Amino acid sequence: MSEVIVVTSGKGGVGKTTTTANVGAGLAMLNKKVVMIDTDIGLRNLDVVLGLENRIVYNLVDVVEGKCRLKQALIKHKKYPELCLLPSAQTRDKDAVTPEQMKELIEELKADFDYIILDCPAGIEQGFKNAIAGADRALVVTTPEVSAIRDADRIVGLLEANEMKQIDLIINRIRMDMVKRGDMLTVNDVCDILSIHLLGVIPDDEQVVVSTNQGEPLVGTNSLAGHAYQNICKRLEGEDIPFMDLDVKKGMLGVLKGLFKKN
Amino acid sequence: MGFMDFFRKKSSGEVAKDRLKLLLVSDRANCSPEMMEMIKNDIIEVISKYMDIDSQGLDIQITETESDSNNGVVPALFANIPIKDMRHTPAKKKEENK
């Protein structure tokens, strides 16, 4: 039984692609067969976040248009052989693909993979409709900011209208120091406002930028955000993992890291 | 602004929460500010027939309330209408008295 998950947010720049890359890699580390599909046609980025940008031959649109076989377009990750990417087309338009074609493609992939993860483009237009068409469940990514939360709420409404079976929330880039000062919405505030199930909280972590620079997933490394992504993957696998205490860890780790980084 | 607010300024996080709560309710209800204004004027018109109300102080907003029937949260139209004078006589009769 394979599960089809769409990672979406409405607003751009809140961490959909980073979440897709890390959840995908994290599940592959748990020995699951995972394929990630970049559905952002025209603005592809998942390849570069994963460090696979130099290995693209065929893309999503080529597959849909029958220019190549599906297997030819899939790129295997060097480090995790269980992890595959179906890249998006960079020089085409969102309407090069229809929701029906996406559904067919996903059906074909279900035979070979445990997880099919779709990286959704920002916005609520054609690209969004394509991305959610074949999905069983959705991960809605938001940051604790009014604009991102408003868009996330709109997305939740649209997902519900499209009869998405399960919708979970990921709160990204939370800063506990600001929450403590009262200058950032708390995790509880965001959950209260959006009233959907919380799957994970990712702290604002410099290591996210570092790992993106290097084109390597953060999950599995010894960083706060890396642990948070790993926890999300375990929860997707049905494990009951408690939410980590970001505040305490940040303090302790911060001090330790500071000591080691001096040399 | 209340007297106590002078001493305790709301944190920006609280401000964000309050703003979002109101914003999302009207987003979800798909209700435009123009429509709210029309509802407000109609309410003033109807209630004014029966009592003297403070139309400046009238405040309506869409909020949420616990539903009795399907035990969930449903949108509700909340109206705060300050009454200046409870006239028990309908407006028509009052005109006659004048």
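Two residues are in contact here when heavy atoms of theirs lie within 4.5 Å. With that in hand, start with chain A: of its contacts with a separation of 6 or more, 74% are between residues 24 or more positions apart. In chain B, 47% of the contacts between residues at least 6 apart in sequence join residues at least 24 apart.

Some ground rules before going further. This is a predicted model, in which local features need pLDDT of at least 70 and side-chain atom pairs count only at pLDDT 80 or more, while totals for chains, interfaces and linings use all residues. Residues are numbered from 1 along each chain as its sequence is written, chains are lettered from A and ligands numbered from 1 in the order in which they are written, and side-chain values use heavy atoms, with hydrogens and water left out.

Now the overall picture. Helices and strands are DSSP runs (H or I of at least four residues for helices, E of at least two for strands), numbered from the N terminus. By that count chain A has 12 helices and eight strands. Chain B has three helices and four strands, and along its sequence they come in the order α-α-β-β-β-β-α. As for burial, a residue is buried under 20% relative accessible area, exposed over 50%, and partly exposed in between, using a 1.4 Å probe and protein chains only. Of the 263 residues in chain A, 54% are buried; of the 98 residues in chain B, 18% are. Accessible areas come from the Shrake-Rupley method with a 1.4 Å probe, and for residues only the protein chains shown count as cover. Chain A exposes about 12000 Å², with carbon and sulfur atoms supplying 49% of it. For chain B the exposed area is about 7800 Å², and carbon and sulfur atoms supply 54% of that.

Zoom in on helix α1 of chain A, residues 16-29. The expected span of a helix is 1.5 Å times one less than its number of residues. For the 14 residues of α1(A) that gives 20 Å, and the end C-alpha atoms are indeed 20 Å apart, so the two agree. Because 13 of its 14 residues are buried, α1(A) is largely enclosed by the rest of the structure. One resident of this helix is A28(A), which counts as buried at 5% relative accessibility. Leaving aside residues up to four places away in sequence, A28(A) touches V34(A), Y80(A), E82(A) and L83(A). P81(A) is 53 residues from A28(A) in sequence, yet their C-alpha atoms are 8.2 Å apart. After the helix comes N31(A), with a positive phi near 65°.

Next, helix packing. Two packed helices are described by the angle between their axes and the distance between the axes. Axes here are lines fitted to C-alpha atoms, for helices over the stretch in contact, and angles run from 0 to 180 degrees between N-to-C directions. Angles under 35 degrees count as roughly parallel, over 145 as roughly antiparallel, 65 to 115 as roughly perpendicular, and the rest as oblique. A crossing is right-handed if the near helix is turned clockwise from the far one by less than a right angle, and left-handed if anticlockwise.

Within chain A, the axes of α5 (residues 99-110) and α6 (residues 126-133) come within 8 Å and cross at roughly 30°. The two helices are therefore roughly parallel to each other. The contact uses P99(A), M102(A) and K103(A) from α5(A), and Q126(A), K129(A), N130(A) and A133(A) from α6(A). The crossing of α5(A) past α6(A) is right-handed.

Between the chains, α9 (residues 187-194) of chain A packs on α1 (residues 12-29) of chain B at about 15°, axes 10 Å apart. That makes α9(A) roughly parallel to α1(B). On the α9(A) side the contact residues are D189(A), D192(A), I193(A) and L194(A), and on the α1(B) side they are K17(B), L20(B), K21(B), L24(B) and R28(B). This crossing, too, is right-handed.

Finally, some backbone spots. S195(A) lies in the loop between α9 and β8 (197-203) of chain A. S195(A) has a positive phi of about 40° although it is not a glycine, and it is exposed, with a relative accessible area of 55%. R173(A), in strand β7 (residues 166-174) of chain A, is another non-glycine with a positive phi, about 60°. At 34% relative accessibility, R173(A) counts as partly exposed.
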